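Work through the exercises below with the sequence and the structure open. Try each task before reading its solution.

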Amino acid sequence: MKIRSSLLAAATLALAACGTANAAEVVAAPQAERTAKESGLKTAIFAGGCFWGVEGVFSHVKGVKSAVSGYHGGTKRQANYDLVSSGITDHVEAVKVTYDPSVIRYDQLLRIFFSVIADPTLKNRQGPDRGAHYDAKLVPMSDEQAAVAKSYLAQMKKSGKWSKPIVTDVVRAQAFYPAETYHQDFAAKNPNHGYIQRWDAPKIAALKRLYPGVYSASFQRD
């Protein structure tokens, strides 16, 4: 995301050339063999590159009550956009998702994540963004989520859906620091932004196309 100014000119050209932007990156991930057994509102953290798109997709999922962009890991003192995007901290851009498992389960969120949000074969990058702060990671907040996440990654590796090795990790939950206010609900507030149009709007469109039963036309704002 690195201030993204240098990317926007290239993104504009790419959009004109590619038309449907992110379509080639969409993978219909398998339905989970192990379903999550949860009740009451739950929270999980997903790191999948630029948090604008991660938040944008999950905010259109029925049962998601909140999706907050922020920084996972590192220190509170360094948890600000300028430092994190420079790549000198130990944070990753991430989104804390609060959801109702009676409407959408954790394993279903994982399927959505790997279908339209993050490419699990990429290390330290997603889309046009490069650096360890853009690494894709699953951050479960309970033993149940951890077991489901590990089971699903193992299932993905056997599925043959991806031609390259899957490198996404399940990591221990650390501190989560909400990002600056202007990053929250960014896709909804800035639908005409070049980065959103090129990289994130196609992900939301793919969510609607692949999983219409869980797609919500309204954006869940924090």
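The exercises that follow concern a helix pair and two loop residues in a predicted model.

**Exercise 1.** Which orientation class describes α2 relative to α4?

Solution. Two packed helices are described by the angle between their axes and the distance between the axes. Helix α2 covers residues 51-58 and helix α4 covers residues 106-117. Their axes are 11 Å apart, and the angle is about 130°. Angles over 145 degrees count as roughly antiparallel, and 65 to 115 as roughly perpendicular. The angle of about 130° lies in neither range, so α2 is oblique to α4. The crossing of the two helices is right-handed.

**Exercise 2.** Which residues of α2 and α4 meet, and how do they divide by class?

Solution. From α2, take Val-54, Val-57 and Phe-58. Their partners in α4 are Leu-109, Ile-112, Phe-113, Val-116 and Ile-117. Sorted by class, the contact of α2 with α4 holds 8 nonpolar residues, with no polar and no charged ones.

**Exercise 3.** Where do Asn-124 and Asp-185 sit, and is each one buried or partly exposed?

Solution. Start with the backbone. Most residues other than glycine have a negative phi. Asn-124 has a positive phi, near 60°, and Asp-185 also has a positive one, near 55°.

Next, place them. Asn-124 belongs to the loop between α4 and β4 (125-126), while Asp-185 belongs to the loop between β8 (176-178) and α6 (186-189).

Last, apply the cut-off: buried means under 20% relative accessible area. Asn-124 has 31%, so Asn-124 is partly exposed. Asp-185 has 5%, so Asp-185 counts as buried.

Conventions:
Residues are numbered from 1 along each chain as its sequence is written. This is a predicted model: local features need pLDDT of at least 70, side-chain atom pairs count only at pLDDT 80 or more; totals for chains, interfaces and linings use all residues. Side-chain values use heavy atoms; hydrogens and water are left out. Axes are lines fitted to C-alpha atoms, for helices over the stretch in contact, and angles run from 0 to 180 degrees between N-to-C directions. Helices (H or I, at least four residues) and strands (E, at least two) are DSSP runs, numbered from the N terminus. Angles under 35 degrees count as roughly parallel, over 145 as roughly antiparallel, 65 to 115 as roughly perpendicular and the rest as oblique. A crossing is left-handed if the near helix is turned anticlockwise from the far one by less than a right angle, and right-handed if clockwise. Contact means heavy atoms within 4.5 Å. Ala, Val, Leu, Ile, Met, Phe, Trp, Tyr, Cys and Pro count as nonpolar, Asp, Glu, Lys and Arg as charged, and the others, Gly among them, as polar. Buried means under 20% relative accessible area, exposed over 50%, partly exposed in between (1.4 Å probe, protein chains only).
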